[in-house]
Amino acid sequence: MERDSKEDRLSRAFVIGNGTILATGDRAAALHELYAPHLAPDHQLLRRPARIALVVDGVFRWLSEGFHSTAGHMGDAPIADFSLIAPDWGLEVWVESLVLSRLPLLARRIQVTNRGDRFRDARLLLHHDLRLAPGTPSTGEAALRDAASGGLIHHAGRRALLLNLDGPDGPGIVFAAAAARASEEAPGTAEEAAQGRIQGAAEASGIVDSVIGVPIPLAPGAAAMVTASIAAARTIPEARDVDAAFRRSGIAALTTRTRSYWNVWASHGARDRADLPEDVNALYTKSLVTLRLHQTPDGAILSGVEPPSGPAARPEYRWCWLRDASIAADALGRAGYPAATRRYLSFAGRAALEAGELVPVLDAAGSPAPAADRSRRALDGVALHLWAAARHFERERDAEFMAPLFLDVMAPAADRLAAALDARTGLPLSTDLWEERWGAHASVAAAVRGGLRGASRLAAFFGESARARSWIVAADLVSRAMVREFYRPDLGRFVRSAPREGDARAVDATLDASLLWLGLFDDLEPEDPRVRATVDAVKARLWVRTGVGGLARYERDALGSIGSDLAEVPGNPWIAATLWLAQHSIRSARSLQDLAGARILLLWAAARAEGAGCLPEQLHPYGGGTVSASPSLGAHAWFVATVADYVERARTLTRCERCGEPAPARRERRVAVDARPSLPGIVAHP
């Protein structure tokens, strides 16, 4: 009997990729998204999920129908492993899906085992409905059998995908059918296969889908293994070369190589994670891999796997938003992957030189993205880019890398931030964090001050004293203006916005999770009583009081699905906003016991991860299901950053039982002593 649970219905039970190709899928091993060459709006190649089916003794069934699915242990590598059992058929299907580490090829190993006591005449089928040409509907596509490889090619323009199988009788497709449809909604080969027609014309053009397959006769207790592959390239000859390279090495060797690569990669980010629960540590490793899969070979860190949905439509998310990408790059650098941070900074630097300025939203190629005007005018992304660049340089001191970027990119961006300060208030004017309102906002001011301070430190490193003084003066101006304009003694807290109408000062006192940015970017001290009071007010008013929990964006948030009781459910819970709350708990901790609240929030986030560790952007406040992009780049970036903050704070608060010094100070002193030649009769304190 088919189980109907939340896990079974997940469309993103796994995410696999290698930085060039990225794919998501469900627990029936169907691919829901296939991005090639990388995660960008025009590179989502699937119109419909690419499903797997079996025809057993003439009866057709998709693996999503009548199969009970169980996920295997996937480890640290982005490799999906599912076992599916159909009790009424007596069949077990094991599917392993991965994108090879060194080739632009997605492979699926499919083993079908006959657990019954009679022979089964079975055929394995795979359906693909590919959109390779731009436009909707796309009509410039074609599919044809390829005699050279034995596979089926889908191609259009500068895209070619070679689909191939390696079954019990050797490499090559046995059954193939391609169909041209009058519209994207019209039935195609999937519907024909379900009616028993699995062999037909293997060549079509227009709006094309296809079915490929091989026979897998199964004696009682016997098993058959089929390897399905999708080679991605720009031309048909290149696709053939990728397919040939795959066959020369073999699936077993390439799977081992891919698994080893990712296990080594993930182990490099493994650190002492204090007393964090196992689920948090596991999601930390998964989050690092997720961040890596969102970065293209050119260095762009692209946000989101799908465009946001809901009644309040927002801009396309599959671009490089500096706001999220900077947090992700900083998180990767802190985790031990400075090369990923350098690639991102280089990408943004090249884009800034071509565009003439640092643009807050870029496409995968580095051009300004066709985002809404309010997105292009946002300042927080530019500011966080400077903040992240300064932190990277302070960690790595890679002067030869950073010096030209500072002069050509960072300095003009810092000048732009300083020039954006309003002459009357001293505050930056920009769209807010949620890109809904224009004016002076506390969260943007916090980011701008952090960015100016970061740029000032970079200038000091490179001997630019005048610039360093100019930017630190601008940062201090913002700091004083934040207290003057946003802090309300009558409320005892900061407010999110302070727009002015002529000479009159208006105040937007709506409690907003973006207020938690105060104290996170070198702007105000988290211990400041005014900041603490603001954090407490945000938590008290925006915490979702259902079994789901988490922090909403702001009071009476209309985005998504909220209940009628706004006192209990002010909006949908957001993962990133909840992690900002954890960051404040960490930064204000004065003892290890004070970290308990942050540990609980990290465990809460880990419990909300779906499938193989996919953190969504936001949740339904009652059912807890995903109502937006998943995995969310911002959620994973903030999770990694929060774990890093927790570990660093716990290490600082851990004191030596013998001398009472914080552990880091004790270790540094020991290194300094050990670095000198030992003198007779002197024993250093351990």
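**Exercise 1. Determine where Pro-37 is found, and describe the peptide bond that leads to it.**

Solution. Pro-37 is found in the loop between strand E3 (31–35) and strand E4 (52–56). The structure under study is a predicted model. The next step is to inspect the bond from Ala-36 to Pro-37: this peptide bond is cis, with omega near 10 degrees.

**Exercise 2. For Arg-397 and Arg-556, state the sign of phi and the place of each residue in the chain.**

Solution. Begin with Arg-397. Its phi is near 50 degrees, a positive value in a residue other than glycine. Arg-397 belongs to the loop that runs between helix H9 (380–396) and helix H10 (399–419).

Turn next to Arg-556. This residue is not a glycine, yet its phi is positive, at about 60 degrees. Arg-556 is placed in the loop between helix H13 (529–542) and helix H14 (575–587).

**Exercise 3. Classify Arg-556 as buried, partly exposed or exposed.**

Solution. The relative accessible area of Arg-556 is 48%. Buried requires a value under 20%, and exposed a value over 50%. Arg-556, at 48%, is therefore partly exposed.

**Exercise 4. Trace strand E11 (residues 141–146) through its pairings with strands E12 and E16.**

Solution. First, consider E16 (residues 203–215): four bridges join E11 to this strand, and the two run antiparallel. Within this pairing, Glu-141 has Gly-206 in E16 as its bridge partner.

Second, consider E12 (residues 151–156). E11 and E12 also pair in the antiparallel sense, over five bridges. Here Arg-145 is matched with Leu-152 of E12 as its bridge partner.

Third, examine the connection between E11 and E12. The two strands form a hairpin with four residues between them. In the turn, Gly-150 has a positive phi of about 80 degrees.

**Exercise 5. Describe the largest nonpolar core and the surroundings of Phe-639.**

Solution. The largest nonpolar core has 153 residues. Phe-486, Trp-580 and Phe-639 are the residues with the most contacts inside it. Helix H16 (residues 633–653) supplies the largest share of this core, namely eleven residues.

Apart from this core lies another, of 54 residues, with Leu-45, Val-99, Ile-216 and Ala-232 among them.

For Phe-639, set aside the neighbours within four places in sequence. The remaining contacts of Phe-639 include Val-280, Leu-283, Tyr-284 and Ser-287. Also in contact with Phe-639 are Leu-579, Leu-602, Ala-605, Ala-606 and Leu-615.

Methods. Residues numbered from 1 in each chain as written. Predicted model: local features only at pLDDT ≥ 70, side-chain atom pairs only at ≥ 80, totals over all residues. Heavy atoms only, no water. Buried < 20%, exposed > 50% of the residue type's maximum accessible area, 1.4 Å probe, protein only. Core = buried A, V, L, I, M, F, W, Y, C linked by side-chain atoms within 4.5 Å. Contact = heavy atoms within 4.5 Å. Pairing = 2+ DSSP bridges.
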